[in-house]
Amino acid sequence: MKSLVIWILAGAIIGGVAASFIVPPMLSWYNEAGYLSQGGQPSAVVNLPNVVRYATDRLIRGQAIGAAIGAVLFAVLGMVVGGRGRARRAASPTPVEPVH
C-alpha cells in the first residue's frame, strides 16, 4: 500500500511538471490574435487584471488536470509493478529449516 501511494504521488508531481511545460504554449496558441491587415494597428486596449486572472486560472487548472492524469497513470503502473513483485514472492517461497 505504501509503495502504491508513492507511485501515485510521483505520478502527480510528474504530471504537474509536464503540464507546466505543455499548458503555456497551448494558452498562447489558443488566444493568438487573428490575421492583421498589412496597414492595420492591433488593438492595445486590455483589461490587464482580467488577463492575469484568466492566464493563471487556466495554468493552475491545467496543472491540476496533469497531476490527476499522472496520478492515475502511475497508480496503474504501480499496481502492475507491485503485482509482479507479489507474484514473484508467492512463486518462490523461502525454505523453512526444521527446529531440532
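Ile13 sits in helix H1 of this predicted model. At 58% relative accessibility, Ile13 counts as exposed, because the threshold for that class is over 50%. Ile13 also takes part in a nonpolar surface patch of about 550 Å², which it makes together with Val17, Phe21, Ile22 and Met26.

Val17, another member of that patch, is likewise placed in helix H1. With a relative accessibility of 44%, Val17 is classed as partly exposed. Val17 also has a partner far along the chain: its C-alpha atom is 8.1 Å from that of Ala67, although 50 residues separate the two in sequence.

**How the chain is laid out**

Let's step back to the whole chain for a moment. It has two helices and zero strands. Helix H1 covers residues 2-30, and helix H2 covers residues 48-91. Of the 100 residues in the chain, 14% are buried. The accessible surface comes to about 8,400 Å², and carbon and sulfur atoms hold 70% of it. Among contacts with a separation of 6 or more, 95% are between residues 24 or more positions apart.

**Where distant residues come together**

Ala67 comes up again with Ile14, a residue of helix H1. The C-alpha atoms of Ile14 and Ala67 are 7.1 Å apart, with their positions 53 residues apart in sequence. Ile14 is partly exposed, at a relative accessible area of 47%.

Pro24 belongs to helix H1 too, and its relative accessibility of 35% makes it partly exposed. Which residues does Pro24 touch, not counting those up to four places away in sequence? They are Ala19 and Leu59. Pro24 can also be paired with Arg58, 34 residues away in sequence and 8.9 Å away in space, C-alpha to C-alpha.

Here are these C-alpha pairs side by side.

| Pair | Apart in sequence | C-alpha to C-alpha |
|---|---|---|
| Ile14 and Ala67 | 53 residues | 7.1 Å |
| Val17 and Ala67 | 50 residues | 8.1 Å |
| Pro24 and Arg58 | 34 residues | 8.9 Å |

**The aromatic pair**

How many aromatic pairs does a search of the whole structure find? It finds one. Trp7 and Phe74 form this pair, with 6.1 Å from centre to centre and 40 degrees between the planes, a tilted arrangement. The pair links distant parts of the chain, as Trp7 lies in helix H1 and Phe74 in helix H2, 67 residues apart. The angle is what gives the label: 40 degrees is neither under 30, as stacked would require, nor over 60, as edge-to-face would.

Are Trp7 and Phe74 buried or partly exposed? Trp7 counts as partly exposed at 26% relative accessibility. Phe74 is partly exposed as well, with a relative accessible area of 22%, because buried would mean under 20%.

**The salt bridge**

A search of the whole structure also finds one salt bridge. In it, the side chains of Arg61 and Asp57 meet at 3.1 Å, N to O. Unlike the aromatic pair, which links helix H1 with helix H2, Arg61 and Asp57 both lie in helix H2. They are four residues apart, about one turn of the helix. Arg61 is partly exposed, with a relative accessible area of 41%, and Asp57 is also partly exposed, at 37% relative accessibility.

Technical notes
Residues numbered from 1 in each chain as written. Predicted model: local features only at pLDDT ≥ 70, side-chain atom pairs only at ≥ 80, totals over all residues. Heavy atoms only, no water. Buried < 20%, exposed > 50% of the residue type's maximum accessible area, 1.4 Å probe, protein only. Phe/Tyr/Trp six-rings, centres within 6.5 Å; stacked < 30°, edge-to-face > 60°. Salt bridge = Lys/Arg side-chain N within 4 Å of Asp/Glu carboxyl O. Patch = residues over 30% accessible without salt bridge, like charges linked within 9 Å, V, L, I, M, F, W, Y side chains within 5 Å. Areas by Shrake-Rupley, 256 points an atom, 1.4 Å probe, with all protein chains shown as cover. Contact = heavy atoms within 4.5 Å.
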